[in-house]
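User: Please take me through the metal site in this model, and the ligand beside it. I am a first-year student, so keep the steps short.

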Amino acid sequence: MLCGWLLGSRSTMGLLAVTGGLFAFFLWADLHGALPAMRPHNRWAYAVYLSGIVGLTAAATLLSRKSYLRRVHEAQTMAQDLKARDAELRKLLRVVEQSPESTVITDLDGRIEFVNDAFLARTGYARHEVLGRLSSEVSANGLGPTQWQGMRETLERGESWAGEQSNLRKDGAVISESVVVAPIRQPDGRITHYVELKQDVSDRKRAAQEIHRLAHYDSLTSLPNRSMLIERLASLQARHQRSGDDVHVLLLLDLDRFTNFNDARGSEMGDRLLCAVALRLAELLGPHDLLVRVAGDEFGIVLHDLGIDATVAGRRALAFADQIQQAFVRPLALGDSGEEAQLGLSMGLTLYPQGVDDTPLAAMGRAGTALHRAKHAGGARSAFFEQGMGAVAAQRFQVERDLRHAIGAQELRLYVQPQVNVRGQVTGVEALVRWQHPRDGLLTPGAFIPLAEESDLIVSLGEWVLAQACAVVAQPDFSLRRLRMSVNLSARQFREDGFVPSLRTLLRTTGADPRLLTLEVTEGLVIDDFDDVVSKMRELVALGVEFALDDFGTGYSSLAYLKRLPIQELKIDRSFVSEAPSNKDDGALVEALLTVASQFGLRVVAEGVETQEQVDFLAQREPAMVYQGYLFGHPEPVDQWMARQTPDMPQGQGPH
Ligand code: C2E
Ligand code: CA
Ligand code: CA
């Protein structure tokens, strides 16, 4: 029993208890003679029985011990296993805790349940500040809403998400991290948590940027280098293939006699000179243009979006090259050495891209050839690779530059051409500008107005004409006879923001009567922004100024908008007037125009009247017609015309 108890085997204990009890009973019966019939034979039975019990007990004890040992062994193994697993877990935990990667474990709502030391060290938070908070609040700030949504969806599908984020530290500083977020599954497949592993890639990013900088920038001048130039040209070509838009110009620029300078003053001064050149060039560039140092003393410039017309682009590029030449007339300061230097530049230009097959290297080849040509011609000049276009552009550029100068240098002249009524009386004049060119003589507007209209030159030119015209209107010889002054107004000039106020000021300062002024506009003016133009026109009409629609019949001539325009006069274009008496179609057209004019109650001026036949044709159809043309007078200098305007002089007798 004791053994059974010791061994903890219940069956053994039970068996021993029962047999022990029986044995005690028989022993008692024997001693007290309770069962006398059995006595003589029982001695043997006792012995057998006892030995049976002893045998059984021994066998049971042996068996129990075996199972006991087995169970002890099992318990020991389990304890060892647990210990090993515990050690394993501790090891893993230590790995996670000490991992240089930030590790965050969240529940399914993204609430933080665990963070490791790396996370705390990197973000600057204390553990208690983040546990229980949303991971998105404390760590993942760098995802846009759509990215965030994409990540959530990936995770909900049970997949891992990986990407790069810019996250914020507690102090607000940004860290770039490469992030993996993975779901944690239980053995039954359920997802219960997410783990976020984040690696700081700020250094790697910085290194990548540094590598990019070294590969794309020149260390002396800090300008982008040749490879950046090639990249930019390649991307412009790609853009061109997509949308076929504006023309760009590549300009290669090289200092004249830089080698001599280097030899004479040393390479340190040479370096300083290159930096000074870079600085001065950079000052001239627009925000989208690219300046690079190609090599040595060679620089490259990409001028972007110079318009869709190659000639215009070429001229603009030449104007820019000229600006560079002007800028290098001033000497360059060589660092803070107190020394200065002045060197000329040569430039080679080419349009880019030229077709879909053009490449950056081909363009650089062309610009290089042009540069060589400029150097060969003596330096300090620019050359276009496309010689034909260079010549046209150069000539137009020359005109533009001369014209800019002309406005300030009093080279413009105001001419006037009379307008007369059916009785031959002068009713007014049209102001027509001329340019007294110092070399080319007197130029008519056709040679320079279209060019001026492509740039802001038309604005200053137009202002000059208006000022001269108002000064004439203010003269008593003009105003007392209630003559009208018609001035051509370019769309660009009219669209200028300050046009209305500046005309108002002009009228006040000159004392010209606004009611004697007619502004001639063309249909093109109102195409872009009808309402704005009309409201500006109304402002001026309110002052008494009148408007004429010039070159009527040549443009769109939509009657719909004619009705809505605040105009008082139509000028029938010369092309219809000249053929009207002889050509049926033109005659019919003029008749139609006259009908329109009378319907709208407009005064009609016929332009380019050269013959009596034309006058007769027109007079029969519109008695109130006004004529303007060589038959009544050529344009002549305003002073000359004014000088002949004595009240008793017969009108319409201008020089022919
Ligand atoms: P436009 O407004 O149609 O001016 C009339 C043009 O026809 C003038 O040419 C004039 O000299 C010419 N002309 C007049 N009568 C006759 C004729 O009987 N026969 C022929 N064959 N021609 C005649 P011009 O002066 O060369 O001016 C040309 C254009 O230049 C003008 O056309 C006008 O659009 C523009 N323009 C002239 N002055 C100015 C100005 O001050 N500002 C602006 N924005 N444009 C101007
Ligand atoms: Ca006109
Ligand atoms: Ca006209």
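Analyst: Start with one term. A donor is an N, O or S atom close enough to the metal to count, and for calcium the cut-off is 3.2 Å. Water is not among the atoms, so a site may look incomplete. Keep in mind, too, that this is a predicted model.

Now use that term. Asp 550 bridges two calcium ions, ligand 2 and ligand 3. The two ions lie 3.9 Å apart.

Take the calcium ion (ligand 2). Its coordinating residues are Glu 430 (OE), Asn 488 (OD1), Glu 520 (OE) and Asp 550 (OD). The distances run from 2.1 to 2.3 Å. Along the chain, the donors of ligand 2 follow the spacing E-x57-N-x31-E-x29-D. Glu 430 sits in strand E14, and Asn 488 sits in strand E16 (residues 484-488), so this pair ties together parts that are 58 residues apart in sequence.

How buried or exposed are Glu 430 and Asn 488? Glu 430 has a relative accessible area of 4%, so Glu 430 is buried. Asn 488 has 31%, so Asn 488 is partly exposed. The cut-off for buried is under 20%.

Next comes the calcium ion (ligand 3). It is coordinated by Asp 550 (OD), Asp 551 (OD) and Glu 607, which is listed twice through OE. These distances are 2.0 to 2.7 Å. The donors of ligand 3 are spaced D-D-x55-E along the chain. Where do Asp 550 and Glu 607 lie? Asp 550 is in strand E18 (residues 546-552). Glu 607 is in the loop between strand E20 (603-606) and helix H25 (612-621). The pair therefore ties together parts that are 57 residues apart in sequence. Both Asp 550 and Glu 607 are buried.

Look at Asp 551 too. Asp 551 also has its place in strand E18. Its relative accessible area is 26%, so Asp 551 counts as partly exposed. The backbone of Asp 551 deserves a glance. Its phi is near 55 degrees, a positive value in a residue other than glycine. Most residues other than glycine have a negative phi.

Now move to ligand 1. Glu 607 makes the link. A polar side-chain atom of Glu 607 lies 3.4 Å from an oxygen atom of ligand 1. Glu 607 is also a donor to the calcium ion (ligand 3). Two other side chains come up to nitrogen atoms of ligand 1. For Gln 417, an N or O atom of the side chain is 2.8 Å from a nitrogen atom of the ligand. For Arg 574, a polar side-chain atom is 3.1 Å from a nitrogen atom of the ligand. How much of ligand 1 does the protein bury? Taken alone, ligand 1 exposes 790 Å², and the protein buries 82% of that.

Which residues come nearest to ligand 1? There are 20 residues around the ligand, and the nearest are Gln 417, Arg 434, Arg 574, Glu 610 and Tyr 630. The space that ligand 1 takes is the largest pocket. Strands E14 (426-437) and E18 are the elements that give two or more residues to the shell around ligand 1. E14 gives the most, with four residues.

Put the parts together. Strand E14 holds Glu 430, a donor to the calcium ion (ligand 2). E14 also contributes to the shell around ligand 1. Strand E18 holds Asp 550, which bridges the calcium ions, and E18 gives residues to the shell as well.

One backbone comparison may help. Gln 410 has a phi near 55 degrees, again a positive value in a residue other than glycine. Gln 410 has its place in the loop between helix H14 (387-408) and strand E13 (412-421). Its relative accessible area is 54%, so Gln 410 is exposed. Asp 551, by contrast, is partly exposed and lies in a strand.

How values were computed
Residues are numbered from 1 along each chain as its sequence is written. Chains are lettered from A and ligands numbered from 1 in the order in which they are written. This is a predicted model: local features need pLDDT of at least 70, side-chain atom pairs count only at pLDDT 80 or more; totals for chains, interfaces and linings use all residues. Side-chain values use heavy atoms; hydrogens and water are left out. Donors are N, O and S atoms within 2.8 Å of the metal (3.2 Å for Na, K and Ca); water is not among the atoms, so sites may look incomplete. Buried means under 20% relative accessible area, exposed over 50%, partly exposed in between (1.4 Å probe, protein chains only). A residue is near a molecule or strand if one of its heavy atoms lies within 4 Å of it. A polar contact is a pair of N or O atoms within 3.5 Å; within protein, one must be able to donate a hydrogen and the other to accept it, and residues adjacent in sequence count only if both atoms are side-chain atoms. Accessible areas come from the Shrake-Rupley method with a 1.4 Å probe; for residues, only the protein chains shown count as cover. On a 1 Å grid over the protein atoms alone, a cavity is a set of points where a 1.4 Å probe fits but cannot get out, and a pocket is an open set with protein on both sides within 12 Å along at least five of seven lines; lining residues have an atom within 4 Å of a point. A molecule sits in a cavity or pocket if more than half of its atoms lie within 2 Å of its grid points.
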